[in-house]
Each structure stands twice: as structure tokens, then as C-alpha cells.
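Here is a friendly walk through one model, to be read with the coordinates open beside you. Please have a look at the chain before reading on.

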Amino acid sequence: LFEGKKNPEDLGADTVDFPKRTTPAKGYELLFQPEVVRIYISLLKESKTPTILEASAGAIQNLCAGRWTYGRCIRSALRQEKGLSAIADLLTTDSERVVKAASGALRNLAVDLRNKELIGKHAIPNLVKNLPGGQQTPAKNLSEDTVVSILNTINEVIVDNLEAAKKLRETQGIEKLVLINKSGNRSEREVRAAALVLQTVWGYKELRKPLEKEGWKKSDFQVNLNNASRTQGGNSFDDSTL
């Protein structure tokens, strides 16, 4: 799509300006103008109503899906307007629908390399807390779709992001991922998604010795995905709508 052109997100550009308009926005164009994006961010920060939070995060998720001009601009605008932390905070809410929408939004926002770095630092702990297993009390009993969404977001964030993979290890993420794979009571989709994250982690040679010192073996990270489709890195988007 960008043959012969430099993609600002691949360069980790800190800002991406919205295209200058020569005529007023109309129709569906109104949905992705800068002033509307700011309204979404304001709602994410100020609202306490789960349905509004879910809808706002879902709108961001959908607008950031795909490599289109306004998607890139909105990913950058969310960072500039301090919206990333607001979405990461939604992962701690009791509403599963809000958690799922926030996870999907973060996955698409992480396609921007600067966003990916920030999300890796600040959202990985909250993402891990939503995974089943571990010592948390009470354990969250999230649906398969939500768990898979969270796992896919984690993978998007740690691909080509060693610091985020380190953060995953530091927040007991490895224990939860291995448990999903080996407990025998998780769905095939969950196991497949967890396996993909584990393979991404093991792909970092810098992490292998520290992991082995903690008692993990190579076999813990080798999961047979059979013919499961594998989608990695910046080419994957969550384009599901709410």
C-alpha cells in the first residue's frame, strides 16, 4: 500500500497532522475529524457510564483499523491528547464489554510505533491482570472472545518491542500464558492466541537465559498450532465493530 513512500508510523513519527481541508466535512467524514476525535477522548476521560465508555473506545478501535490516512492521524492524535492512558485505565473496570473495547482499541493504536512503546510500558500490567489464572482474587471470569482479544493485543504490543516483552515477564504474564496452554480447560482459540504470544516472547534471544533461570524450558514456549493462521506485527488490525 505504501510502496515508494515512507510510512510515518514505521519511522515512529511523533506527530501526524490531519490533512488540510478545502471544503467542510460532511456525511460520514464528520466521524473522523479532529474535533470529533477530541470528543471521544473527553468521553473516555470523563464518563463513568459503561455503555458510553464502550462506545467511545469502540469508535476509536474502528477508526484506527487499517492503514488509511485518518487512521494514522487518529493514532497520533490519541497520543498527543493523552488518550492512551485513559484507554489503558479502562482495562481495570468491572464491565467486560468496556475491557474488550479498550483492548481492541489498544491493539489498533499499537500499530503506531511510538504508541506501541507507550502501551508496552503502561498497559501490559492491566492486560495481564485480565487473563485467567494466577493468584488474583477474585479471578476475572471473562468470555473467550474477550480473552482472545486481550491476548491478540498483548502480541501486537510485544512484537518488535523487547521492552514490552520484558514487562510481560515482570508482571507474571508468562505464568498465565503457559497455564492457558497447558491447563486443558481453555478453548482452542485461547490456546492458539496464547501460543502465539509465547512464541513471540521466545523469539527474543535476550530473554531466553533469564526465562531459563526462572525454570522455564524451551518446550513451554513451543506449542503446536497445527494449521492455525498466524497474524503478527503491524499487519494485523482488530476491525470488529461493536
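Thr69 sits in helix α3, where helices are DSSP runs of H or I with at least four residues, strands are E runs of at least two, and both are numbered from the N terminus. With a relative accessibility of 36%, Thr69 counts as partly exposed. On that scale, buried means under 20% relative accessible area, exposed means over 50%, and partly exposed lies in between, using a 1.4 Å probe and protein chains only. Thr69 and Asp17 are 52 residues apart along the chain, with their C-alpha atoms separated by 9.9 Å.

Arg72 belongs to helix α3 too, which covers residues 69-80. Is Arg72 buried or exposed? Its relative accessibility is 12%, so Arg72 counts as buried. Arg72 also approaches Asp17: the two are 55 residues apart in sequence, and 9.2 Å apart from C-alpha to C-alpha.

A word on the basis of these values: the model is predicted, so local features need pLDDT of at least 70 and side-chain atom pairs count only at pLDDT 80 or more, while totals for chains, interfaces and linings use all residues. Residues are numbered from 1 along each chain as its sequence is written, and side-chain values use heavy atoms, with hydrogens and water left out.

Now for the overall picture. The protein chain has 12 helices and 0 strands. Of its 242 residues, 48% count as buried. Among contacts between residues at least 6 apart in sequence, 74% join residues at least 24 apart, contact meaning heavy atoms within 4.5 Å.

Next, the backbone. Most residues other than glycine have a negative phi. Which residues take a positive phi here? The table lists three of them.

| Residue | Phi | Place |
|---|---|---|
| Lys82 | near 60° | loop between α3 and α4 |
| Asp160 | about 55° | loop between α8 (144-158) and α9 (162-170) |
| Gly184 | about 85° | just after α10 |

Lys82 counts as exposed, because its relative accessibility is 57%. Asp160 is exposed as well, at 72% relative accessibility.

Lys82 also falls within a stretch with an annotation. UniProt, in an unreviewed entry, places the feature "repeat: ARM" at residues 82-119; such positions are given in the numbering used here, feature names are shortened, and annotations may be inferred rather than shown by experiment. In the model, this span is 76% helix and 0% strand, and its end C-alpha atoms lie 12 Å apart.

Two packed helices are described by the angle between their axes and the distance between the axes. For helix α4 (residues 83-90) and helix α5 (residues 96-109), the axes come within 8 Å and cross at roughly 145°. The axes are lines fitted to C-alpha atoms, for helices over the stretch in contact, and angles run from 0 to 180 degrees between N-to-C directions. On the α4 side, the contact is made by Leu84, Ile87, Ala88 and Leu90, and on the α5 side by Val98, Val99, Ala102, Ala105, Leu106 and Leu109. The residues of this contact divide into 10 nonpolar, no polar and no charged; Ala, Val, Leu, Ile, Met, Phe, Trp, Tyr, Cys and Pro count as nonpolar, Asp, Glu, Lys and Arg as charged, and the others, Gly among them, as polar.

Further along, Gly120 lies in helix α6 (residues 113-122). Gly120 is buried, with a relative accessible area of 3%. Leaving aside neighbours within four places in sequence, Gly120 is in contact with Val157, Asn161, Ala164 and Lys167. The C-alpha atoms of Gly120 and Ala164 are separated by 4.4 Å, although the two are 44 residues apart along the chain.

Helix α10 (residues 173-182) is mostly covered, with 7 of its 10 residues buried. These are Gly173, Ile174, Lys176, Leu177, Val178, Ile180 and Asn181. What covers them includes α7 (124-129), α8, α9, α11 and α12.

How many aromatic pairs does a search of the whole structure find? There is 1 aromatic pair. Rings of Phe, Tyr and Trp (its six-membered ring) pair if their centres lie within 6.5 Å; planes under 30 degrees apart count as stacked, over 60 as edge-to-face and the rest as tilted. The ring centres of Trp202 and Phe221 are 4.9 Å apart and the planes are at 25°, so the pair is stacked. Trp202 is in helix α11 (residues 188-202) and Phe221 in the segment after α12 (205-213), 19 residues apart. Both Trp202 and Phe221 are buried.
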